[in-house]
Structures are given as structure tokens and as C-alpha cells.
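Student: Could you take me through one part of this structure at close range? I would like to look at the ligand and what surrounds it.

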Amino acid sequence: MTTRTGPVFTKVALLGVGLIGASMAHAMRRGSLAAHIAGYARSPETRKRAADLGFCHAMHDDPRAAVRDADLVALCAPVGAFASLAETIAPALKPGAILTDVGSVKMAVIRDVGPHVPNGVHFIPGHPIAGTEHSGPDAGFPELFDGRWCILTPLEGADETAVEQLKELWRGCGSRVETMEPKHHDLVLAITSHLPHLIAYNIVGTASDLEQVTQGEVIKFSAGGFRDFTRIAASDPTMWRDVFLNNREAVLEVLGRFSEDLSRLQRAIRWGEGDALFDLFTKTRAIRREVIDAGQDTAAVNFGRNPAKPRS
Ligand code: NAP
């Protein structure tokens, strides 16, 4: 690995300055990774708020102005907005620039953005596996990517120097970096992220609909497990709508497997097959241990909540 003497990029443009874009700006500033960070947001409110928070050196109301002379352009808006953003900025991209994104799906992004990428611009799709249920410029913070994976899905024949430069940026932001085939990324994320979000949206929806249990009781007794789903189910509706519409195939594939396994559990409960339940729950407890050992979570009691309070 080379030792860096200056910033990784002279000018970075972030198209979208919500949770991920703002966090990238904070992390790049923390690591002195970019000499100039230009931001773009579509609404005057978000631009004003981002300007007040000051994580970008300049905020623009035109994405073409933001990307002018940028060595790195990162699409940080919801995935459904990428095609039109890419089409708009294409003529303004600097030859030799890297165009990347942070979208939660990769095949659809390549489909939507790829055709607009001018010759001489290096398109390297990416996805930081880090997030919270909060959105907007205020949600960003410099440590978001620390110790988290960032997956890059370079296309066949991608420029190795450009890929290495982008990896260096993500490492500077605190991430561990891995490269993967885009189709495989979509399948892995369908099971590790998209399906859990779908389950959370569904269970919270079901609970709010259950006639024999009042809404007040659902909230009052939520510490029984429900509240952990409510955190995930509070995630941004626009982003998650776009994820499911753009990773349909992989989500439906894992959803099929999930439904079969759920039916098996239903049968085990119906027929009193305690051993089957016990064996599965023992296996899943071991997986939780592996997640903690891999540094993807802490073993804090109650997920680190209210440590001083006794458990009720
Ligand atoms: P966010 O906090 O809601 O911010 C979205 C940003 O995009 C805002 O600046 C918003 O500006 C702008 N935007 C929204 N719609 C747009 C449109 N149609 N055209 C142009 N700009 C638009 O979202 P986020 O959580 O940062 O997510 C951004 C991307 O990161 C998504 O592609 C998502 O898949 C990916 N991602 C998210 C997470 C996560 O946990 N949240 C994790 C990894 C990757 P306005 O406020 O002006 O609308």
C-alpha cells in the first residue's frame, strides 16, 4: 500500500446530501481525503440546511455545476433518481473522472446509469454497508462507515488505478472494502438487508392492524421484541420503495425460501415438534455469536439500550 501525502481527490461532488452523502462529506473532511467537496440537493430546504451545517465547501442547485472539474462524482440520492441525474450530468463530467454511487442495489444502477456514462469516465458502482433509520443532512456523521464494509462492483475491464483510488477513499472513510459481482451483491443484500427490512415493515404493519390488540398495547409492551422491528421499519420510505422495485428478482428469490422455512416453523408449532424448534433456535443463537465475533455488532445487553435501567 502507498503512503498518501495529500488528499485522495482534488474535487469530489456529492449528488445528494442526506444520511450517506453528508456522512461521506464528514468522513472525507475527518481524513483530509478531498481538497474540495461540492454538494447538490434538489430542494432549497436541504441545500440551505447542508450549507448551514457546512460539511461541503459549496452547495449547488444544479448538479452540472457541482460535478464540473470533479475527479470523483458520487450519486447519493435514492436509486430511482439515478438515471435522470446521470443523464443530466453526463455532458459536464470531466474526462478521466470517476463516477460512483452508494445505491443499495447494483444491477439496476448499472442498467440505469451505464448508458449515460461518457467515454473516458470511469464508472465504478459501490455500496457502503452502513446506515441508520434517519435521513437528511442532519443525520450524517463522520463515524458512520468506521469498521463497516463497502462493496465495489467494478464492471469488466474497469481501470485498476481508478478502482484502487476509490478503494483508498473508502478506506480513508473508515471502511473495509470488498469487490463483488453486481448480481451476487444483489443476492447477498437481498438476504442480509432487503428481506429483514421487508419483514420489519410487514410485522409493524400487521401489529397496527391486529384488531384484538389495541394500538396502545402494541406501543406499551413493545419491548418484548417488537420495538427492534420498529427501528428498521422507520427507515426512509422513498429509499426502500426504490430498493424493492429495483432488486425485485433477488428479493422474490429469497422471499420464496423464507416463506417455505416459515411454513416449516408453522407446522412445527402446530404439531408440537419441540426438537425442531429447539434445534433451529440453537443454530440461530450461534449465528448471533458469529455476527458479534465479526465485529458487526456488540454483545451489549438489550442492544446497548438503557444500560443503567433494570430489565423489566
Ligand atoms: P436521504 O437521507 O433521504 O438523502 C437523500 C438525498 O437525495 C437528499 O439530499 C435528497 O435531496 C436527494 N434526493 C432525493 N430524491 C431526489 C431526486 N429525485 N433527485 C435528486 N436528488 C434527490 O437518503 P440516504 O439514506 O442518504 O440514501 C441515499 C442513497 O444511499 C440511496 O441510494 C440508498 O439506497 C443508499 N444507501 C442508504 C443506506 C441507509 O441506510 N440509509 C445505506 C447504504 C446505502 P432533497 O432532500 O432535496 O430531496
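Which atom of Val-17 lies 2.9 Å from an oxygen atom of the ligand, one of the backbone or one of the side chain?

Tutor: Happy to! Keep in mind that this is a predicted model. For Val-17 it is a backbone N or O atom that sits 2.9 Å from a ligand oxygen. Ile-20 offers a backbone N or O atom too, at 2.9 Å from an oxygen atom of the ligand. With Thr-46 the side chain takes part: one of its N or O atoms is 2.6 Å from a ligand oxygen. As for cover, the ligand taken alone exposes 900 Å², and the protein buries 86% of that.

Now step back to the whole shell. It holds 25 residues, and the closest to the ligand are Arg-42, Ser-43, Thr-46, Ala-77 and Ser-104. By character, the shell divides into 13 nonpolar residues, 11 polar ones and 1 charged one. Among the contributors, helix H1 and strand E7 (126-128) each supply at least two shell residues.

Helix H1 is a good thread to follow from here, into the largest nonpolar core. That core has 38 residues, and the members touching the most others are Leu-14, Met-24, Met-28, Phe-145, Leu-169 and Trp-170. Two or more core residues come from each of strand E1 (9-15), helix H1 (19-30), strand E2 (34-40), strand E4 (72-75), strand E8 (149-152) and helix H6 (160-172). H1 gives the largest share, 7 residues. Met-28 shows how these parts meet: beyond its neighbours within four places in sequence, Met-28 is in contact with Val-12, Leu-14, Leu-33, Ala-34, Ile-37, Leu-169 and Cys-173. There is also a second, separate core of 33 residues, including Ala-66, Ala-108, Val-117 and Val-251.

Just after H1, the loop leading to E2 contains Ser-32. Its phi is near 50°, a positive value in a residue that is not glycine. That is worth a glance, because most residues other than glycine have a negative phi. Ser-32 is partly exposed, at 49% relative accessible area. Another residue of this kind is Asp-69, with a positive phi of about 65° although it is not a glycine. Asp-69 belongs to the loop between helix H3 (63-67) and E4. Its relative accessible area is 54%, so Asp-69 counts as exposed, the cut-off being over 50%.

Continue into strand E2 and you meet His-36. With a relative accessible area of 28%, His-36 is partly exposed. Leaving out residues up to four places away in sequence, His-36 touches Thr-10, Lys-11, Val-12, His-57 and Ala-58. From His-36 to Ala-13 is 23 residues in sequence, and their C-alpha atoms are 8.5 Å apart.

For contrast, try His-197, which is in helix H7. This histidine is buried, because its relative accessible area is 14% and the cut-off is under 20%. Outside the four places on either side in sequence, His-197 touches Ile-232, Ser-235, Trp-240 and Phe-244. Trp-240 and Phe-244 are also among the buried residues of helix H10 (residues 237-246), along with Asp-242, Val-243 and Asn-246. The buried residues of H10 pack against helix H5 (107-113), helix H7 (182-209) and helix H11 (248-270).

Definitions and conventions. Residues are numbered from 1 along each chain as its sequence is written. This is a predicted model: local features need pLDDT of at least 70, side-chain atom pairs count only at pLDDT 80 or more; totals for chains, interfaces and linings use all residues. Side-chain values use heavy atoms; hydrogens and water are left out. A nonpolar core is a set of buried Ala, Val, Leu, Ile, Met, Phe, Trp, Tyr and Cys residues joined through side-chain atoms within 4.5 Å. Buried means under 20% relative accessible area, exposed over 50%, partly exposed in between (1.4 Å probe, protein chains only). Helices (H or I, at least four residues) and strands (E, at least two) are DSSP runs, numbered from the N terminus. Contact means heavy atoms within 4.5 Å. A residue is near a molecule or strand if one of its heavy atoms lies within 4 Å of it. A polar contact is a pair of N or O atoms within 3.5 Å; within protein, one must be able to donate a hydrogen and the other to accept it, and residues adjacent in sequence count only if both atoms are side-chain atoms. Accessible areas come from the Shrake-Rupley method with a 1.4 Å probe; for residues, only the protein chains shown count as cover. Ala, Val, Leu, Ile, Met, Phe, Trp, Tyr, Cys and Pro count as nonpolar, Asp, Glu, Lys and Arg as charged, and the others, Gly among them, as polar.
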